[in-house]
Each structure stands twice: as structure tokens, then as C-alpha cells.
Amino acid sequence: NSAFGTEFQNVMYPKLQGSWIISDERWFHAPRWLDNLRLRLAYGAAGVQPGSNDALRTFAATTPNIQGVDVPAVVYSTPGNVALKPEFTDEYETGFEARLWKGRASLDLTYYSKRTKDALISAIVAPSAGASTTVRMNLGAVANSGVEMLLTGQLIDTRNFGLDVTINAAYNENKLLSLGGTPPQIGTQTRVLENYPLFGLWARQITGWEDKNNDKILTYSSNPTANEVFVDSVATFMGYSAPHQSIALTTGMDLFNRRVRVTALLDYRGGNRYYNNTERIRCVSRQNCEGLMNPDASFEDQAMAVATLNDPSQTIAGFFQPGAFVKLREVAATYNLTQAQASRFKMRNASVTLSARNLWKWTKYRGVDPESDYTVTDGTDNPSDFQTMGAPTYFILKFNLGF
């Protein structure tokens with residue numbers, strides 16, 4: 001109707017200050033702090049083809065020995081999947097962009113909802129099939145939704161000093177809506193089950209511990225009255241296997257008539273647990289982990305070791321540790337030479353930058369680094385810290401010279 005059309009037209013155009021907008025047949029004046037407001041609504045769809053050989057069933061020759069006689073035979077090399085279909089995704093998003101206080105600040109907010117049908121996964125194959133351990137299959141439907149925000153502000157803007165801030169935040173929720181005939185995928189640490197996030201972490205959780213004999217050493221016993229580490233009877237969902245929350249704060253300071261600029265980047269990621277596979281192998285295979293060898297180890301570390309080594313469940317729940325972290329990603333300082341200084345060296349302009357990265361980390365994760373993922377290059381869905389190094393701290397000196 002005419003009221004909606006007038007409102008939409010006013011909102012879409014940048015000069016809102018001082019204008020009048022019709023809404024619900026009532027007049028109101030645009031706030032003076034609002035310079036510009038733009039609404040967004042979008043829809044899109046896309047597909048993903050399976051790999052060129054994912055549907056093909058292939059065989060390999062072998063010669064098994066049966067009752068002392070070599071017999072020629074063939075076995076599956078890859079089981080293939082003749083029913084494999086392309087993955088299809090459609091998504092809509094809505095949000096707004098606002099410019100505030102005469103351009104001193106801006107806010108960009110977006111909500112999105114994405115649904116994927118026939119999502120492609122590497123499904124587990126029973127070893128009795130005599131084939132590779134996984135095969136490409138389609139899931140029924142997967143939903144992703146979330147919010148993204150970008151906030152910028154020029155807090156101080158003078159000739160000799162400036163201060164600006166940028167905050168970038170995102171939140172995502174993931175859920176498997178339907179398996180679509182694909183059986184549940186039960187792995188050693190992750191599962192694919194309806195109404196839960198894809199590849200969430202599952203295990204029989206450690207429900208508690210008690211140092212009953214006060215010797216400061218936890219032990220397992222089949223006798224409930226003597227047992228000191230307690231484990232749940234069934235596996236339960238423990239959390240996302242990868243971060244689904246993030247906040248990045250970037251600040252910049254301009255000094256000495258804009259000749260020097262100092263920037264810093266602070267990064268948070270969380271909402272997940274991270275698999276400390278390094279500590280697991282130290283406890284299980286090498287038996288030299290903190291919970292076993294350190295006489296001052298916390299009860300939490302001791303319970304983790306006892307539950308995986310001595311409890312009949314052999315649960316790895318203790319190695320699914322809080323994955324949230326805050327890192328000071330980078331601090332940098334740039335000096336821009338004056339025109340006179342640059343011309344002495346026959347240059348039009350020049351600058352020098354000194355930066356340092358990975359300077360500080362805060363986390364409750366008990367491994368080396370909640371980002372030290374050894375699977376990062378193999379395309380799997382099960383990130384874990386397995387005998388990998390954390391991100392190093394390093395320094396960079398850079399010259400930008402213009403002639």
C-alpha cells in the first residue's frame with residue numbers, strides 16, 4: 001500500500017536526517033543520530049556435485065590362501081554408491097546496515113537460515129564389507145542458522161590522535177533434521193544423529209570422583225564401595241566439535257599527526273569442546289601422561305586417566321576439554337615517512353611496519369593449543385590435537401617503498 005511504499009522508499013535512500021516517514025499511517029521524524037538505514041532481504045540456492053568417482057564401485061585383485069592353496073579372488077577397493085545425488089542448499093538472509101552519528105559509526109547486522117538437502121558425508125562402512133572404511137552418502141536435511149554483526153566506530157578523531165574500534169561477531173547453530181534413510185553414524189568420538197549438530201562429540205561422561213581413602217590418588221574398583229571414579233552408563237552429547245561462536249576486536253590508534261598507527265587484534269572463539277588426542281595417546285599407549293605420572297596431578301586429570309585405562313567403558317570423555325579461547329592475534333605499529341624524508345631517498349612515499357603475532361593466549365583447554373588441528377589438511381570432520389605444535393610467536397619487519 002502507499003504507506004509501506006513511502007516507508008520503503010525513505011529507508012532505502014541515504015538522506016534520512018530531517019525526513020518524515022509514514023509507518024502504520026502515523027508520522028515520525030528520523031532520529032538525528034541516524035544518517036542512513038538500508039534493509040536487506042536475499043535468497044539463493046546452490047548445488048554441490050559428488051566427486052567424479054564417488055559413485056563408482058571398484059575392485060582389486062588378491063590371492064587369499066585357503067587351506068594351504070592360493071586362490072585368485074577380487075575384493076572391494078571402494079564400495080561406491082549408485083544412489084548418490086548432488087547436495088542442494090538454499091538460504092535466505094535478512095538484516096540491515098546503518099550509518100550513525102555523521103559517519104562516526106556503522107552497524108551491519110545479518111540473520112541467515114540455510115537448509116541443505118542430500119548433504120554429502122563420508123559414512124562409516126562396517127569392516128565386514130571388506131571395503132574401505134567410509135563411503136560417500138547423502139543425508140536427508142541439515143539446517144544452519146545464525147547471526148553475524150559488524151560494528152565500527154571512530155571514537156576519537158583529532159589531528160594528533162585518533163582511536164577507532166571494529167567488532168566482528170558471529171553465532172551459528174547446526175542441526176541434522178533428517179538422516180534420509182542413511183543409518184546413524186557412530187564413531188569413536190563423533191556421531192551423526194537426528195536433532196543434534198553434525199559430528200558432535202559423544203562419550204560416556206565422567207560424572208564425578210571421590211578420594212575415599214584420602215591418599216590423593218584416584219583408582220577404579222569393580223566394588224562400588226571402593227571405586228573412586230564414576231562414569232555414566234550411556235554415551236551422551238558433549239558439545240560441538242568446532243567453535244560456533246566468534247568475536248574479533250580490532251583497535252587502531254593514530255598518533256603524531258597520523259604519522260604513526262598502532263593496531264591490535266583480539267580474537268575469541270568458543271562454544272565447543274576440543275579433543276585432546278595427544279594426552280589420550282600419552283595415557284593409553286605410552287602411560288606417561290599427567291594424570292598417571294605426576295604425583296601432584298589434579299583429580300580431574302587423574303579421573304581422566306583412570307576412566308580411559310581402568311574403567312570397563314574406557315571412555316575418552318575426559319579428553320573432550322573446553323575449547324574456548326581468547327588470543328591476542330597481532331600487534332603492529334606503522335610509521336609513515338614524511339614527504340621530505342622520503343624524497344631524500346628518491347622515493348615518493350615510504351613506511352615501515354613492525355608486527356608481532358600470537359603474543360598471548362587464555363583458555364581452559366589443557367592441551368598445547370585448541371587450534372592445533374592435525375586434520376586441518378585432510379578434509380575430515382573430526383578436528384583434534386594429536387601430537388601437533390601450537391601456533392608460534394613471530395615478529396615481522398616490513399618496508400613499503402614507493403618510487
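The accessible surface of this protein comes to about 23,700 Å², and 56% of that area belongs to carbon and sulfur atoms. Please keep in mind that you are looking at a predicted model. The protein has five helices and 26 strands, and buried residues make up 33% of its 403 residues. Among contacts between residues at least 6 apart in sequence, 62% join residues at least 24 apart. Here is a short tour, grouped by topic.

**The open sheet β14-β15-β16-β19**

- Four strands, in the order β14-β15-β16-β19, form an open sheet with antiparallel pairing.
- The edges are held by β14 (185–186) and β19 (236–239); each has a single partner strand, so one side of each is left without a neighbour in the sheet.
- Starting from the β14 edge, two bridges pair β14 with β15 (residues 190–192) in the antiparallel sense, and Ile-186 has Arg-191 of β15 as its bridge partner.
- Arg-191 also has a bridge partner in β16, namely Gly-200, where β15 and β16 run antiparallel and are joined by two bridges.
- At the other end of the order, three bridges join the antiparallel strands β16 and β19, with Thr-236 of β19 as the bridge partner of Ala-203.
- In a regular strand the side chains alternate between the two faces of the sheet.
- Strand β16 (residues 200–203) can be read in that light: Gly-200 and Trp-202 point one way, Leu-201 and Ala-203 point the other way, and all are buried.

**The strands β12, β13 and β20**

- Strand β12 (residues 141–157) and strand β13 (residues 161–178) run antiparallel and are joined by 16 bridges.
- The connection from β12 to β13 is a hairpin through three residues.
- To find your place in this pairing, look for Thr-152, which stands opposite Thr-166 in β13.
- Strand β13 also pairs with β20 (residues 245–255), again in the antiparallel sense, over 11 bridges.
- Here a handy marker is Val-165, which stands opposite Thr-251 in β20.

**The second largest pocket**

- Rolling a probe the size of a water molecule over the atoms shows where empty space is left.
- The second largest pocket holds about 250 Å³ of space.
- Its lining has 14 residues, and those nearest the centre of the pocket are Arg-273, Glu-300, Ala-317, Gly-318 and Phe-320.
- Two or more lining residues come from each of β17 (206–209), α4 (299–309) and β23 (320–322).
- Of the elements, β23 gives the most to this lining, with three residues.
- Sorted by class, the lining has seven nonpolar, three polar and four charged residues.

**Two residues with positive phi**

- Lys-346 is not a glycine, yet its phi is positive, at about 60°.
- You will find Lys-346 in the loop between α5 (339–344) and β25 (349–363).
- With a relative accessible area of 71%, Lys-346 is exposed, because that value is over the 50% cut-off.
- Asn-358 is another residue other than glycine with a positive phi, near 55°.
- Asn-358 lies within strand β25.
- The relative accessibility of Asn-358 is 18%, so this residue counts as buried, a label used for values under 20%.

Terms used:
Residues numbered from 1 in each chain as written. Predicted model: local features only at pLDDT ≥ 70, side-chain atom pairs only at ≥ 80, totals over all residues. Heavy atoms only, no water. 1 Å grid on protein atoms, 1.4 Å probe; cavity = no way out; pocket = protein on both sides within 12 Å on 5 of 7 lines; lining within 4 Å. Points joined across faces, edges and corners; volume = space filled by probe spheres on them. Nonpolar A, V, L, I, M, F, W, Y, C, P; charged D, E, K, R; others polar. Pairing = 2+ DSSP bridges. Buried < 20%, exposed > 50% of the residue type's maximum accessible area, 1.4 Å probe, protein only. Contact = heavy atoms within 4.5 Å. Areas by Shrake-Rupley, 256 points an atom, 1.4 Å probe, with all protein chains shown as cover.
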